[in-house]
Amino acid sequence: MTSDAVTVCTWGGQLGDAEEAFTLARKVSGSWGVDLKWLVLGSLPEQAIGIAGRYGVAEIDHIADAALDKFQPDVHVEALAQYCAQSTPKAVLFNQTYEARLVAPRLAGRLGCAVAMNAMDLEVGGEGQLCVTASAYGGDTRVVYELIGAPVIAALSANAIVPEPLDGASASPTLCEIRVDLSRVVERIRIVTPARGQSGARLEDAQVIVAGGRGLGEARNFRLVQELAEALGGMAGASRPIVDDGWVDSSRQVGLTGKITRPALYIAAGISGASQHMVGCAAAKTIVAINRDPDAAVFRYARYGIVGDCLTIIPELIRAAKAR
Amino acid sequence: MRIVVCAKEVLDPDAVNNYALVGKLEIGADGKTLTQAAIPRLMNAYDEQAIEAALRLRDAGVTCTIAVVSVGRNATDILRHAAALGADEVACVAADASALDAHGTACLLAAYVRQSGGADLVLCGRQASDDDQGVVPPLIGERLGMPVVTIARTVELVQSSDGRAVRVTRVTPDGDEVVEVRCPAVITISNELGAPRYPTAARRMAARRVQPKAVSADELAVLPEDLQPRVKLARQFVPQVQGKCEILSGSTPAEVADRLMARLRAESVI
């Protein structure tokens, strides 16, 4: 087991956008001339070895402790802290899932080390320091942070990254079983009612998203957005104001404090285009904006724009989408 | 019980956004800070909602002292706003906030909590609307050895078999989750809590005379080396937005709709 690696960490038996993370992590491990490792907490995803090979992971470190099979923040932070003490990575990277938003800074607090969230790009600076480009001001600006010391921790905004497998032949990663002692950790947070879980598809994976905002006028008009999404084989999304107003569930929210998506097609209907919203869809291949206000910010991001009332345009789009 | 709410002064994010939208957002000669002197400074909106969460606990009948603390050189305005909203104590830990990283800020805030009589609950906004990092609350939790519950929609006090606890409804991508945690704990509040109250004119008038308690790092027994940043802001820039929007038009909504669908099909987008 070599130390000084760049280590990407996932859990929950899923890949969790690991390919995106490996793509950025490999850039850093290459610059530093160190190994790229993948730390898996809990059950090992089936395809792990194959994917690790394609993305140049030298070693999969696996902690199989049963306490890690379901997400428990105290247990996960302790496991990571013990891993870092044993294995002394140079950088620990997470995909910025909801859970990692808590785990990454808590680990940094436990280890007293540098941490940066919302990372869109990573680079190694002239003095060997990790430079993290992150979004700030709800996407209006980008900041570059220099992280000092070791290990350093960064959480990656995965949908900002396009996965790039290795050019040549796959590597064959070694699998190391790592032991940590979690017997003394008492989880302090008790789940009374679990989240009901996502039913079916994830907004983050949708190829087509039709999102609605205040321009819909009132809550019942959101069904138009849903109908158009269905007609295009996609999913319905929403801007934060109509989630705050209770028109739709927050699981539909696209943007800085909601989902970061990267569909092929994003139709923004009655959405003004505040940066905080656009952060959640700016990576879409094609953005279509429908808004009454020709000066609405959303048109700056869009490939196609329609200036008009979305309540008269969406029904026509539903008809046109169905007529094929 | 004692509730400490941590509040940060930020540039008004809506004003920043408005400058960005008209392409007038600029970074100064230092390569790090926004040049717009006209952008108002105000309390981070999520922190205001954290104060609202504390006030709702009081409204629900919880006997509590609410202290609001900020770190900076001059947080008087936002702390007076906190007093107008109903904070019992307001304090400012004097420090050059731009020279601190999240660890330094968390170190000062945790030291304040300890020195000012502890806390049964530390409430913070889920993130600050300037850097969007959201790491200070978990760092405070680690420093104080408190559990951290993030992104709360509601917070209520419950009596558990082993003492005082809070029940928190968290907003997760999989829907709401309800958790319980024993006090003391750090809770971060999200916008789903709802709009904070607006202070009455009388309260605002009275708050004008409030002088926030000034606390120094020395008084908190925080050493300069504890505040050495591990994260340094190297630069800040305004990303380019590729604005090549083609506006589609037609004599009727139907015509425009057909035109758009034809384009999307021709480009194999759908």
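In this predicted model, R56(B) comes out as partly exposed, with a relative accessible area of 31%. Its partner is E52(B), and the two side chains meet in a salt bridge with N and O 3.0 Å apart. E52(B) is the hidden half of the pair: its relative accessibility is 5%, so it counts as buried. Both sit in helix α2 (residues 45–59) of chain B, and because they are four residues apart, about one helical turn separates them. That spacing fits the usual helix geometry: with 3.6 residues a turn, residues three or four places apart point the same way.

Salt bridges turn up well beyond this helix, with a count of 35 over all chains. Some of them share partners, and one network formed in this way takes in D74(A), E78(A), R106(A), R110(A), R188(A) and E142(B). Within that network, E142(B) pairs with R110(A), and the closest N and O atoms are 2.6 Å apart. E142(B) belongs to helix α5 of chain B and R110(A) to helix α4 (residues 100–111) of chain A, so this salt bridge joins two chains. E142(B) is buried, at 15% relative accessible area, whereas R110(A) is partly exposed, at 34%.

A further pair stays inside chain B: D130(B) and K8(B) form a salt bridge, 3.1 Å from N to O. It ties together distant parts of the chain, 122 residues apart, with D130(B) in the loop between β6 (121–125) and α5 and K8(B) in the loop between β1 (2–6) and β2 (9–11). Here D130(B) is buried, at 13% relative accessibility, and K8(B) is partly exposed, at 32%.

Back to α5(B), the helix that carries E142(B). Seven of its nine residues are buried, so the rest of the structure largely encloses this helix. The buried set is made up of P137(B), P138(B), L139(B), I140(B), G141(B), E142(B) and L144(B). Right after the helix ends, G145(B) adopts a positive phi of about 65 degrees.

I140(B) shows up again in the largest nonpolar core, which has 62 residues; it is listed there with F94(A), I153(A), L108(B), Y112(B) and V122(B) as the residues with the most contacts inside that core. Helix α4 (residues 102–115) of chain B gives this core its largest share, nine residues. As for L108(B), its contacts beyond four places in sequence are V71(B), V93(B), A95(B), L100(B), A217(B), L220(B), V222(B) and L227(B). A separate core of 46 residues lies apart from this one, and its members include W32(A), L36(A), V57(A) and L25(B).

Now for the interface itself. On chain B, 76 residues are in contact with 79 residues of chain A. About 6800 Å² is buried between the two chains, and carbon and sulfur atoms give 57% of that area. On the chain B side, the residues that lose the most area to chain A are Q133(B), E142(B) and P173(B), which together make up 9% of what that side buries.

Polar pairing across the interface comes to 33 residue pairs in polar contact, and five salt bridges are counted between the chains. One of these joins D258(B) to R319(A), with the closest N and O atoms 3.2 Å apart. Many elements of chain B take part: α1 (13–21), α5 (136–144), β7 (148–160), β8 (163–172), β9 (175–182), β12 (231–237), β13 (246–247) and α7 (253–266) each supply at least two residues to the side that touches chain A. The largest share of that side, ten residues, comes from α7(B). Sorted by type, the chain B side has 41 nonpolar, 13 polar and 22 charged residues.

N118(A) gives a view of the contact from chain A. This residue lies in strand β5 (residues 115–124) of chain A and is buried, with a relative accessible area of 9%. A polar atom of the N118(A) side chain lies 2.8 Å from the backbone oxygen of D132(B). Setting aside neighbours within four places in sequence, N118(A) is in contact with Q96(A), T133(A), A134(A), S135(A), A155(A) and S157(A) in chain A, and with D131(B), D132(B) and Q133(B) in chain B. Q133(B) is also among the chain B residues that lose the most area to chain A.

Notes: Residues numbered from 1 in each chain as written. Chains lettered and ligands numbered in written order. Predicted model: local features only at pLDDT ≥ 70, side-chain atom pairs only at ≥ 80, totals over all residues. Heavy atoms only, no water. Core = buried A, V, L, I, M, F, W, Y, C linked by side-chain atoms within 4.5 Å. Buried < 20%, exposed > 50% of the residue type's maximum accessible area, 1.4 Å probe, protein only. Contact = heavy atoms within 4.5 Å. Buried area = accessible area lost by both parts, 1.4 Å probe. Salt bridge = Lys/Arg side-chain N within 4 Å of Asp/Glu carboxyl O. Polar contact = N/O pair within 3.5 Å; in protein donor to acceptor, adjacent residues only side chain to side chain. Nonpolar A, V, L, I, M, F, W, Y, C, P; charged D, E, K, R; others polar.
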